[in-house]
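Please walk through this structure with me, beginning with how its contacts are spread along the sequence and ending with one sheet and the helix that packs on it.

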Amino acid sequence: MSTVHQLRSADIFSLNVFLAVATHLSFRTASIELDITPSAVSHSVKNLEQRLGVRLFHRTTRSVSLTDAGARLADKLRPAIFSVAEAMQSVEGLRDEPSGTVRINASEGAIDMVLKPVLARFLREYPKMHLDIVTDGKLSDIVAGGFDAGIRLTEAVPQDMVAVQVSGPVTFAVVGSPAYFASHGRPKVPQDLYRHDCIRFRFDSGAIYRWEFERKGVVETVNVTGPLTLNHQPLMVSAALDGIGIAFVPDHLAEHALADGRLERVLADWCPVMPGLCLYYPSRRHVASGLRALIDMMRIS
């Protein structure tokens with residue numbers, strides 16, 4: 001007669017370590033996520049492999065990949081660990097005061113626009129809470145990455161997620177310095193941008209953003225060129241202030257420079273308006289009290 005495998009505390013730790021390595025396919029990244037040393041991660045995985053009597057990872061000096069046994073264990077383990085975490089989260093609401101850690105994955109622009117304004121107040125009102133915020137320019141799988149929630153443009157939120165609106169519409173702006181426009185002229189229509197020095201934006205995927213415009217149902221996409229490419233929108237604003245060229249950024253990043261005249265806006269009637277930002281989390285997940293408190297503080301009416 002078979003018996004249920006009895007888990008020890010060391011087993012639970014080892015399984016968490018294994019799942020972190022399986023998710024990231026990196027011992028070092030797993031060590032950062034778990035806040036332990038890479039050698040501790042390696043030792044834990046080795047002990048688990050010895051206990052199970054199977055090899056879980058193929059390891060070389062350049063890569064880590066799952067064996068068939070490792071892939072099978074990961075597939076079985078993820079929902080089990082999720083169920084345990086969900087069970088623990090389900091009783092958090094019984095506490096009088098939210099506590100614990102909330103992990104958020106968000107783009108840099110989203111952090112600046114909707115998280116930064118509430119951080120100090122949230123941590124002051126909930127001193128037992130810890131926020132772990134990861135800046136990520138890609139649309140990462142927040143479940144696989146071990147995040148409680150993500151923040152992205154509404155149109156980028158996966159359909160199987162619960163989405164909470166945390167910002168109003170986002171308007172983009174084409175901006176440049178008065179000195180630049182005095183020297184190079186002002187574009188009147190999007191196609192004029194081909195004759196200008198533009199500051200391009202590179203996604204974390206490596207793709208270059210093509211500037212998108214719309215007016216009265218007419219859509220224009222311009223693959224601009226210029227002397228500078230960046231993957232950091234605030235730096236694009238700084239470059240425009242220095243007269244390097246024209247930038248295309250969410251207007252809240254340039255609002256102060258526009259207000260005091262250090263930057264000027266062009267093509268305003270062509271600039272798109274996006275639906276805004278949402279905080280999102282898995283629909284099947286119990287919402288921990290800490291995340292609920294953060295949502296309530298960020299939610300727009």
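Among contacts (heavy atoms within 4.5 Å) in the protein between residues at least 6 apart in sequence, 73% join residues at least 24 apart. This is a predicted model, in which local features need pLDDT of at least 70 and side-chain atom pairs count only at pLDDT 80 or more, while totals for chains, interfaces and linings use all residues. Residues are numbered from 1 along each chain as its sequence is written, and side-chain values use heavy atoms, with hydrogens and water left out.

Of the 301 residues in the protein, 40% are buried, where buried means under 20% relative accessible area with a 1.4 Å probe, protein chains only. The secondary structure comes to nine helices and 15 strands, taken as DSSP runs (H or I, at least four residues, for helices; E, at least two, for strands) and numbered from the N terminus.

Five of these strands form an open sheet of mixed pairing, in the order β4-β3-β5-β15-β6; two strands pair if DSSP finds at least two bridges between them. Because β4 (129–135) and β6 (161–165) stand at the edges with a single partner strand each, one side of each is left without a neighbour in the sheet. On average, neighbouring strands of this sheet are turned by 25° against each other, direction ignored.

At the β6 edge, five bridges join β6 to β15 (residues 277–282), and the two run antiparallel; A163 stands opposite Y280 in β15. Helix α5 (residues 108–125) packs on the sheet, where it touches β3 (100–106), β4, β5 (149–153) and β15. The direction of α5 makes about 165° with that of β4, with axes fitted to C-alpha atoms, for helices over the stretch in contact, and angles running from 0 to 180 degrees between N-to-C directions.

Definitions and conventions
Buried means under 20% relative accessible area, exposed over 50%, partly exposed in between (1.4 Å probe, protein chains only).
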